[in-house]
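Please open the model in your viewer, with the sequence panel beside it, and follow the selections in the order given here.

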Amino acid sequence: MTITIDDQSGFCFGVTSAIKKAEEELHNGPLFCLGDIVHNGQEVARLERLGLETIDYDDLRTLHSVRVLLRAHGEPPSTYHIAANNGIEVIDATCPVVKKLQERIRQTYNEHRDAQIVIFGKVGHAEVIGLQGQTNNTAIIVENEKDLSKLDYTKDIYLFSQTTMSVDDFYHIVDRIKAILSTLETSETLGTFHFFDTICRNVANRVAHLQQFARENDVIFFVGGSKSSNAKVLFAHCQEANPNSFFLSSPSDLSSLVTPETFGTFSTLETLKIGICGATSTPTWLMEQVRDTLLNMQYTICNNQ
């Protein structure tokens, strides 16, 4: 049995920077974080053991004269207003890619008040809440093709994307909007359609590599947080490339995954190749723990082949 950890999995730049900033600021005294700093329960627990306290928006409204870290996902303007009114020192760890997208959406909203700002993303996702806030919460959120019925095609449309969405899915939405407009092109009241591919390539470029990694191994263990949108997207790509891909959030999940059903089909292999990979919100140390646990279970795994 061989076990390989994908060297391109793990934290993206934005998450790495936010966690580093949190660790540095914890040396300067008590620190709160608005929402989970990353969509990975294991990493959140590690930082909480170091003193980071996770709060929600209700907590933020009651706090005064404290330090609050804003995570990489970004926040709407209302969060900054609450902090200013309550004398809260903001430690802003918004990802530069997200920050730039916020600025683009805010500028478009200010310059085209009669247009529709549309965001391709997950309703309720932390990043999307921050993006929608740049439009005074007037932006229309589109998760899939069905949501396109929300749009008024007599108005100009400016389409942006949450940074962690699938590139293929984004361009499918673009094509569907174009198709809808083409069926209405005889109308003189149609608006114009503008779209902007604002997906982070640090995330998008991982897909091809991840699928190749999945094909090179017999069994894939994908490590990700249950709340992570990016983890769900990347795991789906892994499964597409290798049906013997399994999702887990912690090493303890392996006890239910290491079964004859998982490994029995590989009984004729001289060497079983196991790959471990993860999302942009998955810490390397957690993938290493999964590897070490698998090594300790090697006897059981080989007997299940």
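Which element gives the largest share of the lining of the largest pocket? Bear in mind that this is a predicted model, and begin by selecting α1, residues 13-26, since this helix contributes 3 residues to that lining, the largest share.

Next, extend the selection to the other elements that give two or more residues to the lining of the largest pocket, namely α5 (96-111), α8 (201-204) and α10 (229-241). The pocket they help to line has a volume of about 330 Å³, and its lining is made up of 23 residues. To find the middle of the pocket, show Cys12, Val15, Thr163, Thr164 and Thr280 as sticks, for these are the lining residues that lie nearest its centre. If you colour the lining by residue class, you will find 10 nonpolar, 12 polar and 1 charged.

Now keep α10 on display and add α9, residues 206-216, whose axis comes within 8 Å of the axis of α10 and crosses it at roughly 40°. Because of that angle, α9 counts as oblique to α10, and the crossing in which α9 passes α10 is right-handed.

To inspect the contact itself, select Val207, Leu210, Gln211, Ala214 and Arg215 on the α9 side, and then Leu234, His237, Cys238, Glu240 and Ala241 on the α10 side. Coloured by class, this contact of α9 with α10 shows 6 nonpolar, 2 polar and 2 charged residues.

Conventions: Residues numbered from 1 in each chain as written. Predicted model: local features only at pLDDT ≥ 70, side-chain atom pairs only at ≥ 80, totals over all residues. Heavy atoms only, no water. 1 Å grid on protein atoms, 1.4 Å probe; cavity = no way out; pocket = protein on both sides within 12 Å on 5 of 7 lines; lining within 4 Å. Points joined across faces, edges and corners; volume = space filled by probe spheres on them. Helix = DSSP H or I, 4+ residues; strand = E, 2+ residues; numbered from the N terminus. Nonpolar A, V, L, I, M, F, W, Y, C, P; charged D, E, K, R; others polar. Axes fitted to C-alpha atoms, helices over the stretch in contact; angles between N-to-C directions. Parallel < 35°, antiparallel > 145°, perpendicular 65-115°, else oblique. Left-handed = near helix turned anticlockwise from the far one by under 90°. Contact = heavy atoms within 4.5 Å.
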